[in-house]
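Work through the exercises below with the sequence and the model open. Try each task before reading its solution.

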Amino acid sequence: MSKVVYEGWMVRYGRRKIGRSFIHMRYFVLETRVLAYYKRKPQDNMVPIKTLLVDGNCRVEDRGLKMHHGHTVYVLCVYNKKEKYHRITMAAFNIQEALIWKEKIEQVIDQQQDLMMANGNKVYASFQYKPGMDNGRNASSSDHESQCSPEEEEENHHTLLRRTTIGPPESVLDWTQEVNSGLSNQNNSDQVFSRKHWRLVRCQNGLRIFEELLEVDYLPRSCSRAMQAVGVVEATCESIFELIMSMDGTRFEWDCSFQYGSLVQEVDGHTAILYHRLQLDWFPMFVWPRDLCYVRYWRRNDDGSYVVLFRSREHPNCGPQPGFVRAHIESGGFNISPLKPRNGRPRTQVQHLMQIDLKGWGVGYFPSFQQHCLLQMLNSVAGLREWFCQTDESHMVPRMPMMVNMTLDSVSSKKKQKIQENSVQPSPLVDQMHSASRHSVMLDEDSDEDEDYQIPELEQEAYSVKLENGIKQADEEPSDQIDLSGFSGSLRRDDRDKSRDCWRISDGSNFRVRSKHFIYDKTKIPAGKHLMELVAVDWYKDVKRMDHVARRKGCAVQVASEKGLFSLAINLQVPGSTHYSMVFYFVTKQLVPGSLLQRFADGDDEFRNSRFKLIPSVPKGSWIVRQSVGSTPCLLGKAVDCTYIRGPKYLEIDVDIGSSTVANGVLGLVCGVITTLVVDMAFLVQGNTFDELPERLIGAVRVSHVELSSAVVPVLESGPSAE
């Protein structure tokens with residue numbers, strides 16, 4: 001009987017016949033001879049969806065990082081080299097889990113190979129171990145160089161060129177080979193030459209800053225010498241690597257030179273073209289900001305270290321941006337190497353090298369400008385160290401960001417040019433955030449489509465580019481839109497950043513909600529698209545508490561009922577000598593039968609109280625208010641008194657904030673400075689089971705600098721019931 005070697009939830013990654021990728025949560029089981037996966041944890045004699053016989057001919061191929069609608073996964077492909085199209089592609093949301101599975105599968109493959117060789121099977125005579133690849137374990141059976149026969153090497157030559165993780169693209173200089181030989185005590189027998197022309201120029205923020213002494217004559221005078229920062233971070237290599245690869249809001253917490261970043265093109269799992277804006281503080285009134293377009297390559301070495309390399313590159317979808325000077329990276333990146341633990345804590349050496357030409361006319365006249373900016377970029381290593389010192393790593397969920405593809409703007413820029421000539425042009429960052437929200441989707445769990453559609457590797461890139469362009473254009477077309485005419489509220493809507501006494505829809509990516517696999521690893525993801533549409537906000541005041549506002553004449557609930565829409569009214573009641581109510585009206589065409597939202601609307605009050613959740617945030621406001629409000633999700637039904645009023649076509653939730661002593665104290669603090677605050681609120685129904693995840697926002701709103709004097713007394717006359 002086969003013995004279970006390893007099992008657990010992983011992601012099934014594949015591509016449909018129309019070319020679009022898909023991911024499903026599946027339960028994988030690795031036995032001594034078989035790899036299989038199921039829709040749920042197997043019991044009794046459950047038949048798996050798919051199985052793969054594991055023997056000495058199998059390989060585990062590292063496919064690197066793949067993006068699926070903003071979700072980043074680390075992909076492994078397990079296949080039999082004798083049966084080219086018989087394979088299983090699996091993935092994980094964090095690299096640690098992917099590495100564990102890779103190691104377990106390789107162990108099983110090696111055991112089967114040793115068993116067959118012991119039986120005298122000649123099939124394995126061509127496989128040889130290379131002593132140079134032995135780093136604490138036998139060379140794995142997934143190493144192409146050591147495992148493929150000469151005939152197979154020639155047959156798979158083109159495929160291996162595209163999938164190998166041994167070296168970077170020819171256009172990217174691997175500076176780690178030269179730097180490490182000069183700064184470490186390790187002897188590399190394969191190193192042809194060594195510069196060893198580095199000197200320590202300063203120590204700051206706990207870092208050693210080195211400067212390259214070697215002069216070169218092929219670079220412009222404005223290009224700085226290569227400099228690097230070396231520091232020790234108390235964290236695992238995997239955690240540091242995932243944080244460095246991110247370009248979401250967490251990067252602002254450790255990289256002071258980062259302003260904005262996005263994905264231009266995903267070349268493969270290890271190579272991508274990125275756009276990056278620098279945040280430099282050198283006389284911003286006179287010096288134009290800088291941006292970058294560069295190729296990023298990464299790999300994981302056999303010793304557990306990671307290498308991330310940068311080099312500037314032009315791209316047709318990432319041309320010069322208005323108001324920015326395009327800087328040039330000659331060479332740069334990170335080298336992340338494990339050190340021996342100390343006091344039970346992991347330790348990692350991080351090297352950050354950068355050789356950059358900031359361009360612009362002033363660089364030649366002010367050499368201190370280039371050095372100041374370069375040191376600011378290198379100080380990100382100190383930021384990494386401090387970030388991990390203040391973070392409980394056991395509860396940290398490092399995730400790759402949802403990076404927005406710039407081709408979305410470039411494809412439609414010509415179409416929009418004439419329209420925008422006579423209007424105020426919005427910020428590119430705002431446009432990209434909106435497009436990110438449009439492309440966030442919930443993972444499909446119940447689909448039966450588990451077979452990969454295999455596209456020949458040499459044709460896949462061109463094929464996917466064509467499909468991607470066509471699909472994106474289709475995705476951008478509005479479909480099944482709700483008619484928003486006729487909706488109005490006493491608080492006006494204004495989507496401009498610096499507007500006051502108004503509201504606007506808050507982007508779902510500003511909030512993190514439970515992921516599909518939250519019940520297994522407690523991870524959270526950006527929320528993405530809202531389930532309902534926020535159509536109006538009322539700001540009321542009265543001498544008494546205002547209940548059941550949905551029955552008031554002309555309110556958004558009654559307008560929605562006339563249009564045949566279902567509405568949800570959330571009435572936040574603020575007590576005091578004058579009672580205030582802020583009412584948010586969300587609408588949708590209909591409730592999906594069996595959905596969590598439908599069960600919430602039609603459930604009893606006990607179920608509603610246990611699920612109705614608020615995620616607050618104060619992006620702009622005094623420190624003490626931001627600390628008091630916080631950003632921790634709160635089950636409103638358990639914190640304060642909530643009254644639920646279910647009408648034929650609506651559900652109203654009256655939230656009495658004054659019913660909680662703690663909430664009342666915070667309210668007293670907030671109301672005193674409400675005109676200086678920008679408050680974000682997201683409402684959702686909490687998901688507790690695997691079928692209810694990932695969580696989806698009902699809606700989210702941003703309220704900016706609200707004036708108490710702008711509140712109006714509601715009309716007392718009741719309108720017709722909302723049928």
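A residue counts as buried when its relative accessible area is under 20%. The model is predicted.

**Exercise 1. Determine how far strand β22 is enclosed, and name its partner strands.**

Solution.
1. Locate the strand: β22 covers residues 566-574.
2. Apply the cut-off. Nine of the nine residues are buried, so β22 is largely enclosed by the rest of the structure.
3. Split the strand by face. In a regular strand, side chains alternate between the two faces of the sheet. One side of β22 carries F566, L568, I570, L572 and V574. The other carries S567, A569, N571 and Q573. Both faces are covered.
4. Find the antiparallel partner. Nine bridges join β22 to β23 (residues 579-588). Here I570 stands opposite F584.
5. Check the connection. β22 and β23 form a hairpin, with four residues between them. In the turn, G576 has a positive phi of about 160°.
6. Find the parallel partner. Seven bridges join β22 to β27 (residues 650-656). L568 has L651 as its bridge partner in β27.

**Exercise 2. Give the strand order of the open five-stranded sheet and identify its edges.**

Solution.
1. Write the order: β18-β29-β28-β24-β25, with antiparallel pairing.
2. Pick out the edges. β18 (502-505) and β25 (634-635) each have a single partner strand, so one side of each is left without a neighbour in the sheet.
3. Inspect one inner pairing. Seven bridges join β24 (residues 612-620) to β28 (residues 678-685). I615 stands opposite A682 in β28.

**Exercise 3. Classify the ring pair formed by Y6 and W101, and compare the burial of its two members.**

Solution.
1. Start with the total: the structure holds 19 aromatic pairs.
2. Read the geometry. The centres of Y6 and W101 are 4.9 Å apart, with 75° between the planes. An angle over 60 degrees counts as edge-to-face, so this pair is edge-to-face.
3. Place the partners. Y6 is in strand β1 (residues 4-15), and W101 is in helix α1 (residues 95-118). They are 95 residues apart, so the pair links distant parts of the chain.
4. Assign burial. Y6, at 21% relative accessibility, counts as partly exposed. W101, at 0%, counts as buried.

**Exercise 4. Find a ring cluster, then the charges that lie over rings.**

Solution.
1. Follow the ring pairs: F584, F586, F600, F612, Y644 and F683 are linked into a cluster.
2. Look for an arginine. R87 lies over the face of Y79, 5.5 Å from the ring centre.
3. Look for a lysine. K516 lies over the face of F690, 4.7 Å from the ring centre.

Note on methods. Residues numbered from 1 in each chain as written. Predicted model: local features only at pLDDT ≥ 70, side-chain atom pairs only at ≥ 80, totals over all residues. Heavy atoms only, no water. Pairing = 2+ DSSP bridges. Helix = DSSP H or I, 4+ residues; strand = E, 2+ residues; numbered from the N terminus. Phe/Tyr/Trp six-rings, centres within 6.5 Å; stacked < 30°, edge-to-face > 60°. Buried < 20%, exposed > 50% of the residue type's maximum accessible area, 1.4 Å probe, protein only. Lys NZ or Arg CZ within 6 Å of the ring centre and 35° of its normal.
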